[in-house]
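These are my notebook entries on a single protein chain. I record below what I looked up, entry by entry.

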Amino acid sequence: MADVSSFPRRGRDADGDGEDRAQIILITGLTLAVLFVAVVLLLNTVIYTENLATRGADAGGAEAIEFRDGTVDDLAGILEREHRNGTADATDPFLASAERYGRTVADLRARDGVVADVRVNDSTVEPGYFIAQNETDAGFRDMTAPDGTTDWTVASNVTRTRNYRLTVDNASLSDSASGAFTVVADGTNETWSVALFDSGGDLNVTVDNGTTAVTETFRPRPDGNHTVDLTAGTVNGEPFDALVWAEGVRTESGPFEIRYENGGEARGTYSLVVAVDDGIDRDEAGVPDASSRPYAVKGIYSVEVEILHRTPELTYGDVVLLAPGEPDA
């Protein structure tokens, strides 16, 4: 008997698997297409976001950084002014001036549509003393103690110093290293010193770190004086690598003292800010009285400043440590 069963149609097996495979391929293709579209949209979103953020940083970030830097400079100037005013304690006057500055800045920036907030965190005040000799009306004064002693302690129980600068009259200096005016930082385990003496109208600077001594010669400024910046490590603006203030005389070796030796062998001015342990009084700090010459006033070694600068494009906030002249010993 003849077989009358039909043959399977082309493209489809006897059980219909060919049609199922075609549907699977179609679905897979559609799924991949959707995934590709999603990836493209995601990449476009990321690129757009980065471009927007970059434009925001350019438009508002530079302004915020400029505001922060300007604020720090202004407050550093206010702190220096209050220290130099010569009141017995410059802490409260500075905090009051800083508060007025913050209100003024907020009002001025508000006119430009900027929310600006500047606050000095008085709970972060690190106490210190501003020590200075600044007599110039009748000529420079010798680098002696208030009572005229030539070898004397400028400050004791010191943990750090900043903004340490001296200006000396070259004509007043000794013409030899022996007996030259010398600044000494004397710590528990190490001693560092810098001696200043004349060399045919130029200035010889000898730095001794306890193991080696280095001497350099510098031409005077146009006014015939020399300025030695112990913090920045410069003499008359020229760098002197050996002038790393009190290298090795660090807090971890314990508090140190700053002494002047042969103070009668130099005339000039100087100023510095020292940090002392909280609770140490004027006698323990070994600093002069506020009414003496040279003098010392209680003040601020460092303090934190909270800064906020907000525009429609960007909100910027920072906490800055205000300690002009850092870092050094």
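Does Asn170 count as buried or exposed? I looked up Asn170 and found a relative accessibility of 7%; the cut-off for buried is under 20%, so Asn170 counts as buried. I note at the outset that the model is a predicted one.

**Entry 1: Asn170 and its surroundings**

I placed Asn170 in the loop between S3 and S4. I then listed its contacts, leaving out residues up to four places away in sequence: Asn170 touches Asp198, Gly201, Asp202, Leu203, Gly224, Asn225 and His226. I also checked a pair distant in sequence. Asn170 and Arg267 are 97 residues apart along the chain, yet their C-alpha atoms are 8.4 Å apart in space.

**Entry 2: Pro220**

I next turned to Pro220, which sits in the loop between strand S7 (213-218) and strand S8 (225-229). Its relative accessible area is 26%, so I entered Pro220 as partly exposed. Beyond four places in sequence, Pro220 is in contact with Gly201, Asp202, Asn225, His226 and Asn236. I took the C-alpha separation for one of these: Pro220 and Asn236 are 16 residues apart along the chain and 7.2 Å apart in space.

**Entry 3: backbone geometry**

Asn236 itself lies in the loop between strand S9 (234-235) and strand S10 (238-239). I noted its phi, which is near 55°, a positive value in a residue other than glycine.

I found a positive phi of about 55° for Asn262 too, again not a glycine. Asn262 belongs to the loop between S11 and S12. With a relative accessible area of 25%, Asn262 is partly exposed.

Which residues does a cis peptide bond join? I found Arg293 and Pro294, with omega at about 0°. Pro294 is in the loop between helix H3 (282-285) and strand S13 (295-310).

**Entry 4: the whole chain**

I counted three helices and 14 strands in the protein chain. The chain has 329 residues, and buried residues make up 41% of them. Of the contacts with a separation of 6 or more, 70% are accounted for by residues 24 or more positions apart.

**Entry 5: nonpolar cores**

The largest nonpolar core has 42 residues, and I recorded Ile131, Val183, Leu230 and Tyr260 as those touching the most other members. The elements that give two or more residues to this core are strand S1 (115-133), S3, strand S4 (181-186), strand S5 (191-199), strand S6 (202-208), strand S11 (256-261) and strand S12 (267-276). S3 supplies the largest share of this core, seven residues.

I followed Tyr260 further. Setting aside neighbours within four places in sequence, Tyr260 is in contact with Met143, Thr150, Asp151, Trp152, Val154, Tyr164, Leu166, Phe181, Thr182, Val183 and Tyr270. Apart from this core I found another, of 19 residues, among them Leu75, Ala76, Leu79 and Ile300.

**Entry 6: internal space**

Rolling a probe the size of a water molecule over the atoms shows where empty space is left. How many cavities of 30 Å³ or more does a search of the whole structure find? The search finds one. About 30 Å³ of space lies in the largest cavity.

I listed the lining of the largest cavity as Ala76, Leu79, Glu80, His83, Arg162, Asn163, Val273 and Pro324. Helix H1 (17-84) and strand S3 (152-169) are the elements that give two or more residues to this lining. H1 provides the largest share, four residues. By type, the lining divides into four nonpolar, two polar and two charged residues.

**Entry 7: confidence**

The chain averages a pLDDT of 84, and 81% of the residues score at least 70. Among the elements, H1 has the lowest mean pLDDT, 72, and helix H2 (residues 91-110) the highest, 96.

I marked two stretches for caution. Over residues 1-8 pLDDT stays under 50, and the model has one contact there beyond four places in sequence. Over residues 48-57 pLDDT is likewise below 50, and this stretch has four contacts in the model beyond near neighbours in sequence. Where pLDDT is low, the predicted coordinates should not be read in detail.

Technical notes
Residues numbered from 1 in each chain as written. Predicted model: local features only at pLDDT ≥ 70, side-chain atom pairs only at ≥ 80, totals over all residues. Heavy atoms only, no water. 1 Å grid on protein atoms, 1.4 Å probe; cavity = no way out; pocket = protein on both sides within 12 Å on 5 of 7 lines; lining within 4 Å. Points joined across faces, edges and corners; volume = space filled by probe spheres on them. Nonpolar A, V, L, I, M, F, W, Y, C, P; charged D, E, K, R; others polar. Core = buried A, V, L, I, M, F, W, Y, C linked by side-chain atoms within 4.5 Å. Buried < 20%, exposed > 50% of the residue type's maximum accessible area, 1.4 Å probe, protein only. Contact = heavy atoms within 4.5 Å. pLDDT = per-residue confidence, 0-100.
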